[in-house]
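Subject: A structure for you to look at

Hi there,

Here is the structure I promised to pass on to you. Have a look at it first, and then read on for what turned up in it.

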Amino acid sequence: MASACLSARHSPALVAALLAAMFVLELMFPALGETLCSEPVEAPCVSSLLQVQVSQAPRLEPDMSPEGHRKLMSALSGLRTSPNTHMTVYFVAMPPGANNRHNITHYINTLSQICAALPMALDPARNVTASFLGSVEWVRQHVPMCKKVFDGQVKSKEVAESTFGFKEVERFIRPSCRDKHTSNHVPQFGKLVKIWLNKVSLACAVAEQHPDDVSLFMDANIIRSNVESYKRALRAPSVLATGTVGMMRYSPEMGPKWPSVTGHHWFGNRNCTTPAIFVAKWMAVRGRDCPRFMANFHSAYQSLLADNDCGCFDEEIVLSKMGLENPELFDWQQFSNFVN
């Protein structure tokens with residue numbers, strides 16, 4: 001639903017284009033698919049699978065000092081989600097090869113934040129559960145806070161990249177494809193897109209285990225330096241409209257009738273005009289709605305694969321294409337815009 005591979009900064013040219021297109025600049029964030037791992041570390045490069053925002057303000061590193069931990073616990077005190085909610089956090093450790101603008105401490109602190117937060121939201125008496133999927137062994141070795149909760153109430157399951165689908169997308173994505181918002185170069189972009197696409201199918205695979213409950217699939221770095229996105233995610237199950245999927249949008253103006261922006265293109269390619277509407281930082285869905293949702297997801301994916309003029313997309317573009325063609329699949333009322 002994908003991943004913290006980031007090295008983007010808004011360029012003046014992009015800002016001008018966004019303003020001309022009447023986007024709200026502060027709500028525009030770079031796609032999940034930017035570069036990871038610039039400095040050599042013993043551990044592999046790390047990519048969580050959902051979106052990490054870049055705001056206009058300077059980015060703060062996650063603070064897991066004793067004082068930072070105290071503030072986080074205070075901010076999350078009393079925060080609850082609705083009964084019959086199943087939370088899943090997804091995180092994948094990437095093999096070395098992409099550039100990472102953050103050192104390994106950044107990712108350890110980011111993971112420590114979500115692992116500290118999850119037990120506070122757990123409530124077995126109300127059927128509120130939590131699980132962690134992805135590079136579990138890597139996280140166990142490098143993040144003591146997560147190891148502690150994995151040995152407690154938070155279930156964990158290793159998911160290897162070798163089991164992922166959408167393998168053909170690695171061959172389809174052109175080496176010239178760049179980050180869709182910033183046009184920055186993205187090494188191994190096809191590989192990253194494959195990982196992000198699998199985020200959506202894995203979210204539904206988890207949700208289908210609970211057909212009548214709401215499953216909440218979250219990025220491992222959803223808390224980062226601000227808890228608001230996490231709070232919104234936990235509120236989502238209580239307001240999600242029946243038969244729809246909930247996720248945030250880049251701007252409240254972006255709705256089911258949002259057109260391709262005249263003169264604006266994506267991925268550094270003038271032929272790529274499908275707008276990025278949805279922020280795939282978290283996704284709320286009932287398991288019984290997944291078969292129809294995934295059928296449409298695969299249909300939109302195949303359509304984008306057939307677009308040789310563009311040759312670039314990611315999971316947010318697939319979801320956005322779905323939103324334009326099948327708006328009834330999404331809850332447009334409750335989830336307006338992604339905020340920092």
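To begin with the chain as a whole, its accessible surface comes to about 13300 Å², and 51% of that belongs to carbon and sulfur atoms. Please keep in mind that this is a predicted model. The chain has 340 residues, of which 60% count as buried. Its secondary structure comes to ten helices and seven strands.

A good place to start is helix α10, residues 315-325. Nine of its eleven residues are buried, so the helix is largely enclosed by the rest of the structure. The buried ones are Glu315, Glu316, Ile317, Val318, Leu319, Ser320, Lys321, Met322 and Gly323. What do they pack against? Their partners are two helices, α7 (189-207) and α9 (290-305), together with the strands β6 (246-249) and β7 (278-286). If you zoom in on the start of α10, you will find Asp314, where a side-chain oxygen comes to within 3.1 Å of the backbone nitrogen of Glu316.

Lys321 deserves a moment of your time too. This lysine sits in α10, and its relative accessible area is 14%; the cut-off for buried is under 20%, so Lys321 counts as buried. Leaving aside residues up to four places away in sequence, Lys321 touches Thr274, Ala300, Ser303 and Leu304.

Next, move to the loop between α6 (169-172) and α7, where you will see Pro187. Is this proline buried or exposed? Its relative accessibility is 17%, which is under the 20% limit, so Pro187 counts as buried. Pro175 is twelve residues from Pro187 in sequence, and the two C-alpha atoms are 8.0 Å apart in space.

Now for the spaces in the model. The largest pocket holds about 450 Å³ of space. It is lined by 21 residues, and those closest to its centre are Ser131, Leu133, Lys155, Val206 and Gln209. Three strands, β2 (85-93), β3 (129-134) and β4 (155-158), each supply at least two residues of this pocket's lining, as does helix α7. By class, the pocket lining divides into ten nonpolar, eight polar and three charged residues.

There are cavities to look at as well. The largest cavity has a volume of about 30 Å³. Around this cavity you will find Leu76, Leu79, Ala117, Met120, Ala121, Tyr230 and Leu234. Which helices each supply at least two residues of its lining? They are α3 (104-121) and α8 (228-239), with α3 giving the largest share, three residues. The lining of the largest cavity has seven nonpolar residues, with no polar and no charged ones.

The second largest cavity also has its volume given as about 30 Å³. Its lining is made up of Gly243, Thr244, Val245, Asp289, Arg292, Phe293 and Leu329. Here the classes come to three nonpolar, two polar and two charged residues.

If you want a short route through the model, I would go from the buried residues of α10 to Pro187 in its loop, then on to the largest pocket with Ser131 and Leu133 among the residues closest to its centre, and finish at the two cavities.

Enjoy exploring, and write back with any questions.

Best wishes

Key. Residues are numbered from 1 along each chain as its sequence is written. This is a predicted model: local features need pLDDT of at least 70, side-chain atom pairs count only at pLDDT 80 or more; totals for chains, interfaces and linings use all residues. Side-chain values use heavy atoms; hydrogens and water are left out. Buried means under 20% relative accessible area, exposed over 50%, partly exposed in between (1.4 Å probe, protein chains only). Helices (H or I, at least four residues) and strands (E, at least two) are DSSP runs, numbered from the N terminus. Contact means heavy atoms within 4.5 Å. A polar contact is a pair of N or O atoms within 3.5 Å; within protein, one must be able to donate a hydrogen and the other to accept it, and residues adjacent in sequence count only if both atoms are side-chain atoms. Accessible areas come from the Shrake-Rupley method with a 1.4 Å probe; for residues, only the protein chains shown count as cover. On a 1 Å grid over the protein atoms alone, a cavity is a set of points where a 1.4 Å probe fits but cannot get out, and a pocket is an open set with protein on both sides within 12 Å along at least five of seven lines; lining residues have an atom within 4 Å of a point. Grid points are joined across faces, edges and corners, and a volume is the space filled by probe spheres set on the points. Ala, Val, Leu, Ile, Met, Phe, Trp, Tyr, Cys and Pro count as nonpolar, Asp, Glu, Lys and Arg as charged, and the others, Gly among them, as polar.
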